[in-house]
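Here's a handful of exercises to work through with the model open beside you. Try each one by eye before reading its solution.

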Number of protein chains: 2
Amino acid sequence: MTPNAFDLDSWSDQWLGRVEQALSDWIHPQAPAGLGQAMRYAVLDGGKRLRPLLVWAARQAVAGESGDAALDEAALRAACAVELIHAYSLVHDDMPCMDNDVLRRGKPTVHVQFGQAQALLAGDALQALAFELLTPDASVIDDHVQARLCRLLASAAGHAGMAGGQAIDLASVGMRLNEDQLRHMHRLKTGALLEASVMMGAACGSPSAETLAALQGYGQAIGLAFQVVDDILDVTADSNVLGKTAGKDAANDKPTYVSLLGLAPAREYAQTLLDQALASLNKSSLTHTQALTAIAQRVVNRNT
Amino acid sequence: MTPNAFDLDSWSDQWLGRVEQALSDWIHPQAPAGLGQAMRYAVLDGGKRLRPLLVWAARQAVAGESGDAALDEAALRAACAVELIHAYSLVHDDMPCMDNDVLRRGKPTVHVQFGQAQALLAGDALQALAFELLTPDASVIDDHVQARLCRLLASAAGHAGMAGGQAIDLASVGMRLNEDQLRHMHRLKTGALLEASVMMGAACGSPSAETLAALQGYGQAIGLAFQVVDDILDVTADSNVLGKTAGKDAANDKPTYVSLLGLAPAREYAQTLLDQALASLNKSSLTHTQALTAIAQRVVNRNT
């Protein structure tokens with residue numbers, strides 16, 4: 001099979017079937033007082049699952065087809081954990097005191113459906129559950145893999161990653177950021193967790209330092225490309241296709257790559273980042289990079 | 001030194017000095033866009049630090065005076081991590097969509113001081129930071145200790161622990177719970193994290209299964225006793241002494257041990273739980289239990 005013949009859709013379907021089933025198994029509907037229902041609503045049946053795809057693609061890149069069952073289990077847990085962190089951030093981000101959004105993945109947002117207090121708690125509980133999934137009994141996954149995965153995820157989710165990026169985002173409403181500042185905000189807000197997805201997949205294996213560096217270069221470029229394309233789609237797509245409110249960056253007076261660079265240069269920049277991501281893979285000694293390549297192309301060429 | 005001569009205050013002062021310094025070092029003021037300031041405000045200069053005390057007392061109970069430097073470091077990180085989880089829960093709990101409280105530890109609550117969006121993010125970032133503190137490089141703490149600590153903390157913080165208890169609390173406003181239901185709510189909401197503090201301290205050592213069970217019995221009894229006394233103080237103390245709004249359970253029509261049992265029987269119940277906690281320690285082979293004993297006595301006999 002040549003790299004061009006790689007079928008991302010069938011590769012994705014197979015893996016995401018396992019991820020969806022695992023998420024459904026691990027988010028207990030019987031969690032107390034409606035909390036489980038709100039958590040399931042926030043996570044199940046929706047989203048592109050880009051982060052779980054990156055975890056598995058990176059796992060395959062470092063391990064090839066010859067999987068080790070315990071490390072495959074680690075990758076499944078890592079994929080679900082990183083998706084839980086992403087989902088919790090959306091729940092909190094949509095709340096009235098943040099972006100005050102009522103539509104997400106084509107459905108009412110969690111606080112609209114369950115109330116603000118339950119949305120707050122569901123987000124909190126999803127973050128805790130992410131770390132719970134990463135730390136099963138040591139007989140399931142080696143403790144050193146558990147510790148590495150927790151380390152990567154905690155760092156990407158916290159003040160020096162996603163939460164820090166959201167604080168900058170909050171403070172930058174109505175401000176004109178320069179390109180360095182905008183890049184810094186997005187590296188934290190969106191990029192850190194996408195990069196962590198790649199690195200967590202890699203942590204379910206034993207890559208060399210050189211390979212890790214190549215994957216990190218890929219993850220950083222894709223993380224930023226994702227946000228540039230998000231900014232473009234916020235202007236060019238409509239809410240029905242997007243499944244969330246389009247045009248909200250401009251409505252909220254938020255700085256974006258489109259407002260900074262203009263639409264055509266933003267598109268060129270996304271393409272440049274795609275080239276960087278693929279170049280980082282190509283200069284490594286990795287051979288099983290078809291999925292990583294196809295995901296990167298989709299990130300940049302998607303229309304939702 | 002006989003057990004009665006144990007000086008809890010000087011023991012506490014020494015340990016908490018290290019904890020306060022570590023918290024201040026680890027919550028960076030330079031986290032982006034005011035987030036670090038909100039996180040520091042939420043955590044530093046306040047609180048009884050009961051959870052860090054339990055971590056260290058349990059660590060000493062299993063290790064005696066002969067500390068291992070790496071495991072002492074693990075206990076310090078565990079103490080800080082569990083306090084960060086506690087602090088984040090207070091920040092979110094005080095928000096308008098939850099308890100809507102304006103006073104905490106004698107100061108304006110975080111959302112009053114920094115706004116709701118920053119309070120939400122600060123809470124989220126504190127939870128992530130807790131897991132970051134537990135997962136430094138493997139050269140600092142063995143990976144298997146890191147994994148055990150993350151496992152205990154994630155489970156106590158999430159849907160089957162603190163967050164689940166808060167969901168029950170939210171749903172029980174205006175309801176009459178029976179004693180089993182009230183106990184279940186408090187075991188999750190407050191008890192899980194207090195019990196986890198004890199177990200995390202124990203995890204910084206190699207206790208036998210029998211010793212772990214004794215410590216767990218102690219932790220569970222103390223966890224519940226803490227809440228019974230909290231319910232009593234909400235009725236009997238005034239806000240100035242308490243440093244938070246007194247009388248708010250009745251004002252919010254929340255079920256408590258006082259409303260269920262009456263004041264005098266609630267006091268007796270707290271004493272019974274203290275006896276259970278000490279009995280659990282005494283039937284174990286642990287010898288360095290002075291701090292655990294003194295903390296239990298203070299939990300039940302405190303007036304703030």
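Helices are DSSP runs of type H or I with at least four residues, numbered from the N terminus. Keep in mind that this is a predicted model.

**Exercise 1.** Find where B:Ala33 sits and work out whether B:Ala33 is buried, exposed or partly exposed.

Solution. Start with the helices: B:Ala33 falls in the loop between helix 1 (8-26) and helix 2 of chain B. Next, count neighbours: 19 other C-beta atoms lie within 10 Å of B:Ala33. The buried class starts at 20 and the exposed class ends at 12, so B:Ala33 is partly exposed. Now check the backbone: phi of B:Ala33 is near 50 degrees, a positive value in a residue other than glycine. For context, most residues other than glycine have a negative phi.

**Exercise 2.** Do the same job for A:Asn100: place A:Asn100 in its loop, then classify its exposure.

Solution. A:Asn100 belongs to the loop that runs between helix 4 and strand 1 (103-104) of chain A. With 13 C-beta neighbours inside 10 Å, A:Asn100 is therefore partly exposed. As for the backbone, A:Asn100 has a phi near 50 degrees, which is positive although the residue is not glycine.

**Exercise 3.** Which residues surround A:Ala78, leaving out those up to four places away in sequence?

Solution. First locate A:Ala78, in helix 4 (residues 69-93) of chain A. Then count: A:Ala78 has 35 other C-beta atoms within 10 Å and is therefore buried. Its contacts, with the sequence neighbours set aside, are A:Val55, A:Leu134, A:Leu149, A:Met200, A:Gly201 and A:Cys204. For a long-range pair, take A:Ser197: it's 119 residues from A:Ala78 along the chain, yet the two C-alpha atoms are separated by 7.9 Å.

**Exercise 4.** How do helix 7 and helix 9 of chain A run relative to each other?

Solution. Helix 7 (residues 143-157) and helix 9 (residues 179-203) of chain A pack at about 175 degrees, and their axes are 9 Å apart. Angles over 145 count as roughly antiparallel, so that's the label for helix 7 and helix 9 of chain A. Now look at who meets whom: helix 7 brings residues including A:Leu149, A:Leu152 and A:Ala156, while helix 9 brings residues including A:Leu193, A:Ala196 and A:Met200. The contact splits into 12 nonpolar residues, no polar ones and two charged.

**Exercise 5.** Which operation superposes chain B on chain A?

Solution. A rotation of 180 degrees does it, with 0.0 Å of shift along the axis and an RMSD of 0.0 Å. That is therefore a two-fold axis. In chain B, the C-alpha nearest the axis belongs to B:Ala147, at 2.7 Å. Both copies use the same surface, as 98% of the contact residues of chain B recur in chain A.

**Exercise 6.** Break down the side of chain B that touches chain A by helix and by residue class.

Solution. Begin with the totals: the contact takes 45 residues from chain B and 44 residues from chain A. On the chain B side, helix 2 (35-43), helix 6 (116-133), helix 7 (143-157) and helix 8 (162-171) each supply at least two residues. Helix 6 of chain B gives the most, with 12 residues. Finally, sort the chain B side by class: 26 nonpolar, 15 polar and four charged.

Conventions
Residues numbered from 1 in each chain as written. Chains lettered and ligands numbered in written order. Predicted model: local features only at pLDDT ≥ 70, side-chain atom pairs only at ≥ 80, totals over all residues. Contact = placed C-beta atoms within 7 Å. Nonpolar A, V, L, I, M, F, W, Y, C, P; charged D, E, K, R; others polar. Axes fitted to C-alpha atoms, helices over the stretch in contact; angles between N-to-C directions. Parallel < 35°, antiparallel > 145°, perpendicular 65-115°, else oblique. Least-squares fit on C-alpha atoms with pLDDT ≥ 70 in both.
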